[in-house]
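Take a look at the structure below. We will walk through the surroundings of its ligands and then a pair of helices.

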Amino acid sequence: MNNTPLVLKMGGRLLQDDSALDALLAVCAELKQQYPLVLVHGGGDQVDQWLAKFGFHTEKLDGQRISPAEQMPVIAGALAGAVNAHMVARASLQGLKPVGLTLSAGNSCRFELNPKLGAVGVAKPQDGTLLQNLLSAGFTPVFSSVGHGEQGQLLNVNADLAAAAICQLVQGQLVLLTDVPGILDGEGKLINELNSRQAAELVSQGIIKGGMKVKLDAALDTAQALRRSITVAGWQHPQDLLNLMRQQAVGTRIVC
Ligand SMILES: Nc1ncnc2c1ncn2[C@@H]1O[C@H](COP(=O)(O)OP(=O)(O)O)[C@@H](O)[C@H]1O
Ligand SMILES: CC(=O)N[C@@H](CCC(=O)OP(=O)(O)O)C(=O)O
């Protein structure tokens, strides 16, 4: 058993495709025999659908959702309710012994507010006691990207930034799984490795933007904090995850 936890972030269309999700979670069950495992999930597409059903208009700024306080019950209902419970159910089928949590559980994270975005926080690692206890007892923590602020107000957190904070909390290794095979260059080709200087250039050229820019920021921050590379990869080929853990090149490796 390697003692460095593996923190996997799952997002995008994966969360609405049960056969793809089950295949990936089956690989997670294999990996859990080698690494303590932590899952962090998004659910932006489900939030879009729920907000529309409730008659709310929604907008994003720099890849993050503007989240007025009156929309938070719906946003938290989708992320920490429906999507989290679904992730726990599917992970349970694979024998992962999942435990569904918000980022505030056991004071795991604290939050820096971004008033431009409404009830949105950036998660920062705070107290690792709950996570360490769950991992040493063989459970798989499954975090939604919902937290709460100092006044008890619900907060929406981008799930990549949430995964970065959780990874820093356990000093783990982070893999951000998404709908595309990794970070793509101006011609749509996969970039195998990216450092902060090269990344800044691609951002200034408008080649890395929106949700991928948020992922890149989460990865660079974590790479810097832990002095370890972070991978952004696709979820479509679950075996890739096994290959990645065998040190083979998969997706985009972000180094500081
Ligand atoms: N250079 C880039 N390479 C790959 N994807 C990019 C790039 N720039 C922007 N994107 C967009 O970012 C998306 C991934 O971010 P996001 O939708 O937030 O993912 P997730 O929902 O998995 O967190 C891609 O599907 C793509 O539309
Ligand atoms: C503040 C903010 O943008 N929160 C995100 C949280 C979900 C998320 O990040 O989902 P994916 O990883 O599936 O994109 C949102 O409301 O969409």
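What follows covers the two ligand shells, then the packing of two helices. This is a predicted model.

Start at ligand 1. Its surroundings hold 17 residues. Gly 11, Gly 12, Thr 178, Gly 211 and Met 212 come nearest. Helix α7, residues 210-226, gives the largest share of this shell, with 4 residues. By class, the shell around ligand 1 has 6 nonpolar, 7 polar and 4 charged residues.

Now move to ligand 2. Here, 17 residues lie around the ligand. The nearest are Gly 11, Gly 42, Gly 44, Arg 65 and Ala 159. Three elements give two or more residues to this shell: α2 (44-53), β4 (64-65) and α3 (72-93). The shell around ligand 2 divides into 6 nonpolar, 10 polar and 1 charged residues. Gly 11 is among the nearest residues for ligand 1 and also for ligand 2.

Two of the elements that line ligand 2, α2 and α3, also pack on each other. How are they arranged? Their axes lie 9 Å apart, at an angle of about 130 degrees. That angle is why α2 counts as oblique to α3. The crossing of α2 past α3 is right-handed.

Which residues make the contact? From α2 come Gln 46, Val 47, Trp 50 and Leu 51. From α3 come Val 74, Ile 75, Gly 77, Ala 78, Leu 79, Ala 82 and Val 83. By class, this contact of α2 with α3 has 9 nonpolar and 2 polar residues, and no charged ones.

Conventions: Residues are numbered from 1 along each chain as its sequence is written. Chains are lettered from A and ligands numbered from 1 in the order in which they are written. This is a predicted model: local features need pLDDT of at least 70, side-chain atom pairs count only at pLDDT 80 or more; totals for chains, interfaces and linings use all residues. A residue is near a molecule or strand if its C-beta atom, placed from the backbone, lies within 6 Å of it. Ala, Val, Leu, Ile, Met, Phe, Trp, Tyr, Cys and Pro count as nonpolar, Asp, Glu, Lys and Arg as charged, and the others, Gly among them, as polar. Axes are lines fitted to C-alpha atoms, for helices over the stretch in contact, and angles run from 0 to 180 degrees between N-to-C directions. Angles under 35 degrees count as roughly parallel, over 145 as roughly antiparallel, 65 to 115 as roughly perpendicular and the rest as oblique. A crossing is left-handed if the near helix is turned anticlockwise from the far one by less than a right angle, and right-handed if clockwise. Two residues are in contact if their C-beta atoms, placed from the backbone, lie within 7 Å.
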